[in-house]
Amino acid sequence: MKKKTAEYFSKHQGSILKYLLGAIMLLFIGILITVYFVAKQANPIFLDEKGRPINAQAGNPQY
């Protein structure tokens, strides 16, 4: 049983690796796309040091 399994993996090693790496790449790209859309929908409220909301629409940074 072990010999048949080892022979199968040794004969198909390149194709198995291609499919595995392709699946990992697709998963990574899917995660990136999901994070992009979730971050785009987020509406964060930035707070100053005292916990008051900062007016991000004003355009003047407070340094």
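Burial is where this predicted model stands out plainly: of the 63 residues in the protein, 0% count as buried. The accessible surface comes to about 6,600 Å², and carbon and sulfur atoms supply 66% of that area. As for secondary structure, the protein has two helices and zero strands.

A good part of the story sits on helix α2, which spans residues 13–41 and includes leucine 32. With a relative accessibility of 46%, leucine 32 falls in the partly exposed class, because that class runs between the 20% and 50% cut-offs. Leucine 32 also belongs to a nonpolar surface patch, together with Met25, Phe28, Ile29, Ile33, Tyr36 and Phe37. Taken together, the patch residues offer about 730 Å² of accessible area.

Two members of that patch, Tyr36 and Phe37, turn up again in the ring contacts. The structure holds one aromatic pair. The ring centres of tyrosine 36 and phenylalanine 37 are 5.2 Å apart and the ring planes meet at 70°, so the arrangement is edge-to-face. Both partners are partly exposed: tyrosine 36 has a relative accessible area of 49%, and phenylalanine 37 has 46%.

Turning to charged side chains, a search of the whole structure gives one salt bridge. Here aspartate 48 is joined to arginine 52, with 3.5 Å between the closest N and O atoms. Arginine 52 has a relative accessible area of 49%, so this residue, too, is partly exposed.

Technical notes
Residues are numbered from 1 along each chain as its sequence is written. This is a predicted model: local features need pLDDT of at least 70, side-chain atom pairs count only at pLDDT 80 or more; totals for chains, interfaces and linings use all residues. Side-chain values use heavy atoms; hydrogens and water are left out. Helices (H or I, at least four residues) and strands (E, at least two) are DSSP runs, numbered from the N terminus. Buried means under 20% relative accessible area, exposed over 50%, partly exposed in between (1.4 Å probe, protein chains only). Accessible areas come from the Shrake-Rupley method with a 1.4 Å probe; for residues, only the protein chains shown count as cover. Patches are made of residues with over 30% relative accessible area and no salt bridge: like charges are joined within 9 Å, nonpolar side chains (Val, Leu, Ile, Met, Phe, Trp, Tyr) within 5 Å. A salt bridge is a side-chain nitrogen of Lys or Arg within 4 Å of a carboxyl oxygen of Asp or Glu. Rings of Phe, Tyr and Trp (its six-membered ring) pair if their centres lie within 6.5 Å; planes under 30 degrees apart count as stacked, over 60 as edge-to-face and the rest as tilted.
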